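Q: Please take me through one part of this structure closely, and then follow on to some other parts. I am new to this, so give the cut-offs for the terms as you go.

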Amino acid sequence: MEKEQSVKNESDSFLELWESEHNKLEESSTTIMEYFRVPIKRLKQWLKIIAHQELNNYIITLKKVFEEKVVLFKEDGLIYFTVDNRLVPLRKNDDSIMFFESDRNDTTVTVNGQQCYEITDLFSGEASSSRITNDDISILNSFGIALTQSNLSNIFRFIGLSPLLKFYLDNNISLTHNMSILNDCRVLGYSSVANLQLIDNSLGVSLTYSSPKYSPIRSKSPFLFIPSKELSDDCSGENFLKYALYTFSEPTHIDLSLFSRNFYIILSKILKDFDNKFRFNLEDLVEPALNVINKKIDALKFVSECADLLGENWCNKVYSYYKQYLKECDRLRSNISSYSDDIIEDINRGHWEVFESFNDEFDKNSWIIKVPKDETLVARDPLCDINLRAVCGIDFGTKSTVVVCRDKEEILLRIGGGELLSEPRSEDYENPTVIQLKNYESFKTAYVSKLGRPYTSWEDICVSHQAANAIYNGDLNNISNKRCLYSIFSELKQWSNSKDRKQILQDETGNIIHLNPYLSLTDTDFDPIEIYAYYLGLYINNMHRGIYLKYLLSFPVNYPKAVRTKILESFERGIKKSLPSRVLKDSETMKRFKISSGASEPAAYAISALKEYKVEPKEDEINKKVSYGVFDFGGGTTDFDFGIEYIPEHKKYKFQVEQLGNGGDAYLGGENLLNMLAFEVYNQNIQVMRAANIPIVIPAKCQRSAGSELLVKEEKDGDQLAYLNLKLIANELRALWEEEVGYQSKYNEGANKFKLYSTNNTEIDISVRIDIDSLQAIIKKEISDGIENFMNVYYKVYKQNQSKLTRPLHILLAGNSCKSRILQETFILRIVSELENMSKEIGNNKDLSNLFKIYPPLGSTFDIEYLKGLSQLKDFNLPMESYIYFKDNEIVEN
């Protein structure tokens, strides 16, 4: 009942502290806090970590204490002299050792002109004596030191006091008045005197002694005897620590005062439960001791018990973990670089989570702890860090996603790569559209537990670069690594645009996650796009960058409206989840939050490309407009967009874009092309694949071979292994698609070894033969079909908008896949063919030099030398620069 009352009182005290700190935050958006709040569950985790570290350090310190020449057991009234292997009693309620002064210390004699103390022999004078009190005898008896005549030779031995005096000095123990003699004395032993006798008469108990015959004992320092007890070999030397742990209380030492006394008590108790107490190492006690300590931590009910368990300075130790957590909170969530100390200590900065810990409702499952005196803890209202002017653009791509935050300047973001301070590479900004499930249930529990910025862990789900790398690292034959195959999902965009595709995923703990078709998802279903957006949001909205409220999301032009709407909803839920609860609860602020579809991906590209290539409309031109056509050849789709950029009359904007038409191919993309090539290679090696039971998914536009029904699966029926094999083969063919240096020799040197997976999850090395010509023929056919589709859409737009369109049509190649030599060559030859056909129809006397002009993807150039070698271009009667863009310093000789 008393303990329950204590808990109740402590809870009331927490509420008072919370209200006090909460009121501070209402008065100021940036505040120095006196207290910090920690959820009990997390606090106990920290306490266990602290206990483990402290126990290990305690054992190291305890060993060092026992290696010293003196070990003081104050509570037991003993002190151990290591070199002499003797225990000496302490006087009652004192730090002083027991000693008996000689009556000869009262007088001195002069010898050779110097004053000294002297013990005479029996022939020259009376015997000397040392008085022993009844209290002394009682103490000696309590330690098993029997003061008898026969035992005097065992009790009174010489003991060197220098280590004792050093110990007192090192441990800040002051010598009492009666101990001052220890600074300058001569210790006598049984062997240094003669006729040592124990006398018990009416005057009391005393020792009598003399010097050897004709050899008086003289000393400039007073004489004294120190009673002691020798330890047996079993209890001394290396075994003394174990003996002491079993027998005595914790030693008194300045270094041990830094630790909880509970450690010694727990170690001692465990030792006493050992059958053979001396046949063990001290480290053997760590694990059982930790088990005891962890149970005590789990059972903690109120704060005062923490001091009992971990010592008076436990708050400081917990605060160091709290401080470290605040610095690493977003690294734990999303692998973002840790914050520096000033986020916590600088009054001009401050930490969102400190603010929210006292701004949210009072939580009975948290403890409120005082900030150490020498520390500064600053809370900051997240509303102070909202950027109302900035816009964040997200290009949600098939292979990768690009995030651009625009305020005064454009900033590209790296997602999931970890260190934001490291030197960036261009590929860092192409953030893979990939998600990896490690512990889905743990993530889900954390994700729904808090309105905003929940305490999710990057170790439970990760995205982008780390997720994409995981599948190609490690030994996939290992069972735990095989689960990695099922935990990675890289087809987010393809899945969202598929009506019937279901997928079964499995996280690395073995938990099965059923992924239903995107448009049929309910609020309780797993939505990987929402989770991916959540992580994008964490990288956008944090204490490094601030908080964004406006987002533009670009889509392929050929996605159905229902899919585009649902993707917007998924992104809105995910990005909102990345915002602090304080922001989400502020209704006025959230009125400004908006995520919408911006210009289509190709239209957005046109704006940048026209500016970069300096073909924007000019004031002195008659029409003040230019025509464009974007061929956006991405990872999953190819999108076309046709329109004009013009100078508006109202001058609100420098330029405006009017889209006149669009089109595309939902299945023509670099990654999809690779999948087609992979399936073609599978078909070309069908006998080997069938013999090894290698499953695969059939990509769009492909046809299965006869007799492969059980191994070749439709997209809606494909399992993770079938998708993985398609991806692994495609990855092996990437060098061919990207025409890396020496790719021909890589594939023409005979059979290639591919690591693929059979239907029973076994990794197998498959010897695969590759026909480069047939694969490149597929690439050319698909690209040619896409270009033809582009031209057909253009002429349709042209017929409907002749009055608006101008010449030339600036054909802007966009997307990584447009860097392909095959695509560029095919497109340019198609333009030449178009111009040649027009020349035949309307006559050679007509100027065709200003009909089309093609531009390479931004950040790249055409291979001029290669183009100059093409016979079709050599024989064409127009100069190349009239229909192909070259930089000013690129010279083309006809």
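A: The account below starts with the packing of one helix and then moves on to other places in the chain.

This is a predicted model, in which local features need pLDDT of at least 70 and side-chain atom pairs count only at pLDDT 80 or more, while totals for chains, interfaces and linings use all residues. Residues are numbered from 1 along each chain as its sequence is written, and side-chain values use heavy atoms, with hydrogens and water left out.

The part to look at closely is helix 2, residues 40-67. Helices (H or I, at least four residues) and strands (E, at least two) are DSSP runs, numbered from the N terminus. Two packed helices are described by the angle between their axes and the distance between the axes. Axes are lines fitted to C-alpha atoms, for helices over the stretch in contact, and angles run from 0 to 180 degrees between N-to-C directions.

One partner of helix 2 is helix 10, residues 314-334. The two pack at an angle of about 115°, and their axes are 10 Å apart. Helix 2 and helix 10 are therefore roughly perpendicular to each other. The cut-offs are under 35 degrees for roughly parallel, over 145 for roughly antiparallel, 65 to 115 for roughly perpendicular, and oblique for the rest. Helix 2 passes helix 10 in a right-handed crossing; a crossing is right-handed if the near helix is turned clockwise from the far one by less than a right angle, and left-handed if anticlockwise. On the helix 2 side, the residues that meet helix 10 are Arg42, Leu43, Trp46, Leu47, Ile49, Ile50, Gln53 and Glu54. They face Trp314, Lys317, Val318, Tyr321, Tyr322 and Tyr325 of helix 10. Contact here means heavy atoms within 4.5 Å. Sorted by class, the contact of helix 2 with helix 10 holds ten nonpolar, one polar and three charged residues. In that sorting, Ala, Val, Leu, Ile, Met, Phe, Trp, Tyr, Cys and Pro count as nonpolar, Asp, Glu, Lys and Arg as charged, and the others, Gly among them, as polar.

Helix 2 also packs with helix 8, residues 286-298, at an angle of about 145° and with the axes 10 Å apart. This crossing, too, is right-handed. Helix 2 contributes Lys44, Leu47, Lys48, Ala51, His52, Leu55, Asn56 and Ile59 to the contact, and helix 8 contributes Val286, Ala289, Leu290, Ile293, Asn294, Ile297 and Asp298. By class, nine nonpolar, three polar and three charged residues make up the contact of helix 2 with helix 8.

The next topic is burial. Buried means under 20% relative accessible area, exposed over 50%, and partly exposed in between (1.4 Å probe, protein chains only). Helix 12, residues 352-359, has seven of its eight residues buried, so it is largely enclosed by the rest of the structure. Those buried residues are Trp352, Glu353, Val354, Phe355, Glu356, Ser357 and Phe358.

Helix 18 runs over residues 561-577 and has 17 residues. From its first C-alpha to its last, helix 18 reaches 24 Å, close to the expected 24 Å; the expected span is 1.5 Å times one less than the number of residues. The buried residues of helix 18 include Val563, Ile567, Leu568, Phe571 and Ile575. Among the elements that cover its buried residues are strand 19 (391-395), helix 13 (440-447) and helix 17 (528-540).

Single residues can be buried as well. Ser487 is in helix 15, residues 479-487, and is buried at a relative accessible area of 0%. Leaving out residues up to four places away in sequence, Ser487 touches Ile435, Gln436, Leu437, Gln506, Asp507 and Glu508. Leu756, in strand 36 (residues 752-757), is likewise buried at 0%. Leu756 and Lys727 are 29 residues apart in sequence and 9.8 Å apart in space, C-alpha to C-alpha.

Last come some backbone details. Most residues other than glycine have a negative phi, and most peptide bonds are trans. Asn112 has a positive phi, near 50°, and sits in the loop between strand 7 (109-111) and strand 8 (114-119). Asn112 counts as exposed, at 77% relative accessibility. Lys701 has a phi near 75° and counts as partly exposed at 42%. The peptide bond from Arg807 to Pro808 is cis, with omega near -5°, and Pro808 lies in the loop between helix 27 (772-800) and strand 38 (809-814).
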